[in-house]
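Here are my notes on the model, set out as numbered points for checking against the coordinates.

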Amino acid sequence: MMLWYGGHWPFWEVALMWVGMIAFWALLIWAIYALITSATRRPGARAPGDEHGGDPARRILDERLARGEIDTDEYLRLRDVLESGDDRSRAGRGSGR
C-alpha cells in the first residue's frame with residue numbers, strides 16, 4: 001500500500017500543465033494563421049495606403065511637391081534620379097579630392 005501514498009498532484013504542477021497546453025494551442029493557431037496569410041498574399045502587393053512600397057525618399061519627395069516646395073519639373077527630375085539609383089548629388093561626398 002505504500003506505492004499509492006501521495007498520488008495527488010501539487011497545484012503548481014497542474015497549473016504548469018494548463019499554461020503549457022494553452023501556450024501550445026496558441027502557438028499552433030498562430031502558426032496556421034501565419035502559413036495561410038503568407039500563402040494567400042500576392043507577391044508585389046502593397047499594404048493599403050502604402051503608395052511607394054515604403055520608400056521614404058519618394059514619400060518625402062511627394063510631400064514636398066504637395067506642400068509646393070518644389071515645382072513639377074524639379075519633382076520629375078528628382079523622381080527620375082531616385083528611380084535610376086544614380087547618385088549624382090554632391091551632398092555628403094566630402095571634399096571630392
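1. I begin with Phe24, which has a relative accessible area of 48% and is therefore partly exposed, since that class lies between the 20% limit for buried and the 50% limit for exposed. Please keep in mind throughout that this is a predicted model.

2. The neighbouring entry to consider is Trp25, whose relative accessibility of 46% places this residue, too, among the partly exposed ones. A search of the whole structure for aromatic pairs returns one. That pair is made by Phe24 and Trp25, with 5.3 Å from centre to centre and 70° between the planes, an edge-to-face arrangement; the angle qualifies because edge-to-face requires planes over 60 degrees apart.

3. Both aromatic residues also belong to a nonpolar patch on the surface, whose members are Trp9, Met17, Trp18, Met21, Ile22, Phe24, Trp25, Leu28, Ile29, Ile32 and Ile36. Together these residues contribute about 1200 Å² of accessible area. One of them, Ile32, is located in helix H1, which covers residues 11-40, and with a relative accessible area of 45% Ile32 is classed as partly exposed.

4. Turning to the chain as a whole, the protein chain contains three helices and zero strands, and the order of its elements from the N terminus is α-α-α. Of the 97 residues in the protein chain, 5% are buried. The accessible surface of the protein chain amounts to about 9200 Å², and carbon and sulfur atoms account for 62% of that surface.

5. The loop between helix H2 (56-67) and helix H3 (72-84) holds Glu69. How accessible is Glu69? Its relative accessibility is 48%, so Glu69 counts as partly exposed. The side chain of Glu69 is joined to the side chain of Arg67 by a polar contact of 2.9 Å.

6. For helix H3, a simple check of the geometry is possible: with 13 residues and 1.5 Å a residue, H3 should span 18 Å, and because its end C-alpha atoms are 18 Å apart, the expectation and the model agree. The expected span takes 1.5 Å times one less than the number of residues. Just after H3 comes Gly85, which adopts a positive phi of about 75°.

Notes
Residues are numbered from 1 along each chain as its sequence is written. This is a predicted model: local features need pLDDT of at least 70, side-chain atom pairs count only at pLDDT 80 or more; totals for chains, interfaces and linings use all residues. Side-chain values use heavy atoms; hydrogens and water are left out. Helices (H or I, at least four residues) and strands (E, at least two) are DSSP runs, numbered from the N terminus. Buried means under 20% relative accessible area, exposed over 50%, partly exposed in between (1.4 Å probe, protein chains only). A polar contact is a pair of N or O atoms within 3.5 Å; within protein, one must be able to donate a hydrogen and the other to accept it, and residues adjacent in sequence count only if both atoms are side-chain atoms. Patches are made of residues with over 30% relative accessible area and no salt bridge: like charges are joined within 9 Å, nonpolar side chains (Val, Leu, Ile, Met, Phe, Trp, Tyr) within 5 Å. Accessible areas come from the Shrake-Rupley method with a 1.4 Å probe; for residues, only the protein chains shown count as cover. A salt bridge is a side-chain nitrogen of Lys or Arg within 4 Å of a carboxyl oxygen of Asp or Glu. Rings of Phe, Tyr and Trp (its six-membered ring) pair if their centres lie within 6.5 Å; planes under 30 degrees apart count as stacked, over 60 as edge-to-face and the rest as tilted.
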